[in-house]
There are 2 protein chains.
Amino acid sequence: MSSDAPETRTRILQTTLNLLEGGTERGVRMADIAKQAGITRQALYLHFSTRAELLIAATRHLDDLKAANDRLMPSRKAKSGVERLNAYIAAWTAYLPEIYGTAKALLAMKDTDQAAAIAWNERMQDMKEGCEAAINALSADKRLLPDYTPDQATDILWTMLSVRNWEQLTLECGWSQEKYTNTISRMAHRLLVSDEARVEGNART
Amino acid sequence: MSSDAPETRTRILQTTLNLLEGGTERGVRMADIAKQAGITRQALYLHFSTRAELLIAATRHLDDLKAANDRLMPSRKAKSGVERLNAYIAAWTAYLPEIYGTAKALLAMKDTDQAAAIAWNERMQDMKEGCEAAINALSADKRLLPDYTPDQATDILWTMLSVRNWEQLTLECGWSQEKYTNTISRMAHRLLVSDEARVEGNART
DNA sequence: ACGGCCGCTTTACACCGTGTCAATTGACTG
DNA sequence: CAGTCAATTGACACGGTGTAAAGCGGCCGT
């Protein structure tokens, strides 16, 4: 009752993700997806009335597969603000390369398609909340560098961890994933975390 | 001899820039540009054989108007590495909002158009050289944080100053241009510049 | 075994934006 | 007056998305 109807739909989503991840230079078209899924282009529209809708559904599907929420919310474990920041950065930066293909496609539609823009923004907003939580934990521990308000620090962390920055550093600058993660992590610390020593006072700029 | 033929061409470039800067949600089409320039769409193709070509030409035109080189190379004035870094960041961040509309259009074409991708990459490479020069000056002064190699520091600065980051911080996070510039500048210092205290070694070269 | 529904196919077409082509106009110029 | 050159008019091809309608095969209930 629950696993016979959705069969094709799931297959479509799966092959969509495959193609997006494969990053077929020159974009992934509806026809490509249909062909790969072994159905006609028109059948695609029986399941998803629009390319944007399909992309969005694929993105959600990907999150389910990757158990995004579980991974991005290891907050419970974290004892200190610093630990929490570390955990969040580690989780997100590990997640990034896995969603990149799909994210890029959605990002590209953002400019021309209303629904895609909304979907993308929602996701990024969620991600930003994770940043905010980490920053707040840091702030609660008095380890947030006094130069910034929590809001400002959240914006900074959020921007540092953006898909575009990952893209630029790894794909354009040729950084390995490991180098990327390590460097970003150290940068975040240097930028946002105040020295342990002076837990009480405040810094000289 | 020199100023009668290019008349229309220049007008096209000018109105292209206007439209791009206006950021007419839903993209700027060839027909829009033609209409605005007071010619037919087809006449556009008498001057620029392709949309990408027009966009690229418009970008170059914009650089000329804004005297990009003059602004981005105030290196001669800078006495120290730190000064040079400051000068570069100030010049680039002031330049950014002026080119944003055009940059965004080119950036969007990058994914689908070979020529656009090349043009964009060239420009970003130029910009990166500016970053590199600043970092090298810093390094020569022994003021580059020892955590990074000059290459790495260049990548970091280059990424921090990306168009996408400007877009995110100002347009998405709502930072004012002033806040953006100040914060980025302070971040760059904190991330890349080591404390003045230990100038001890030799400074020049 | 029949009628009906369902998921998918086939075929065809509309729309939009880019790019091409050919014939024409109109102005300026030698 | 002929030539040329910029631009116009109108028509069309292509690729990609999205729509519409008719048909087909399997499966299900009665």
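A residue counts as partly exposed when its relative accessible area falls between the buried limit, under 20%, and the exposed limit, over 50%. That scale is handy for the salt bridges of this predicted model, and A:Glu122 is a good place to start: its relative accessibility is 40%, so A:Glu122 counts as partly exposed. Its partner A:Arg60, at 42%, counts as partly exposed too.

The side chains of A:Arg60 and A:Glu122 meet in a salt bridge, with an N to O distance of 3.5 Å. This pair links distant parts of the chain, since A:Arg60 sits in helix α4 (residues 51-66) of chain A and A:Glu122 in helix α7 (residues 114-140) of chain A, 62 residues apart. In chain B, a salt bridge joins the side chains of B:Lys66 and B:Glu98 at 3.3 Å, N to O. Here again distant parts of the chain are linked: B:Lys66 belongs to helix α4 (residues 51-66) of chain B and B:Glu98 to helix α6 (residues 81-110) of chain B, 32 residues apart. B:Lys66 has a relative accessible area of 28% and is therefore partly exposed, and B:Glu98, at 27%, is likewise partly exposed.

A local pairing is found in chain A, where the side chains of A:Arg164 and A:Glu167 form a salt bridge (3.5 Å, N to O). Because these two residues are 3 residues apart in helix α9 (residues 163-172) of chain A, about one helical turn separates them. A:Glu167 has a relative accessible area of 14%, so this residue is buried. Over all chains, the whole structure holds 16 salt bridges.

Turning to the nucleic acid, 16 residues surround DNA strand D, and A:Arg29, A:Arg41, B:Thr8, B:Thr40 and B:His47 come nearest. The residues of this surface comprise 5 nonpolar, 8 polar and 3 charged. Helix α3 (41-47) of chain A and α3 (41-47) of chain B each supply at least two residues, with the largest share, 4 residues, coming from α3(B). Sugar or phosphate accounts for 61% of the strand D atoms within 4 Å of the protein, and bases for the rest. Phosphate oxygens of strand D lie 2.2 Å from a side-chain N or O atom of B:Thr8 and 2.6 Å from a polar side-chain atom of B:His47. A base nitrogen, in turn, lies 3.5 Å from a polar side-chain atom of B:Gln42.

Finally, the largest nonpolar core has 126 residues, and A:Leu192 and B:Leu192 have the most contacts inside it. Beyond its neighbours within four places in sequence, A:Leu192 touches residues including A:Ile135, A:Leu138, A:Tyr148 and A:Ile156.

Key: Residues numbered from 1 in each chain as written. Chains lettered and ligands numbered in written order. Predicted model: local features only at pLDDT ≥ 70, side-chain atom pairs only at ≥ 80, totals over all residues. Heavy atoms only, no water. Near = heavy atom within 4 Å. Polar contact = N/O pair within 3.5 Å; in protein donor to acceptor, adjacent residues only side chain to side chain. Nonpolar A, V, L, I, M, F, W, Y, C, P; charged D, E, K, R; others polar. Core = buried A, V, L, I, M, F, W, Y, C linked by side-chain atoms within 4.5 Å. Buried < 20%, exposed > 50% of the residue type's maximum accessible area, 1.4 Å probe, protein only. Contact = heavy atoms within 4.5 Å. Salt bridge = Lys/Arg side-chain N within 4 Å of Asp/Glu carboxyl O.
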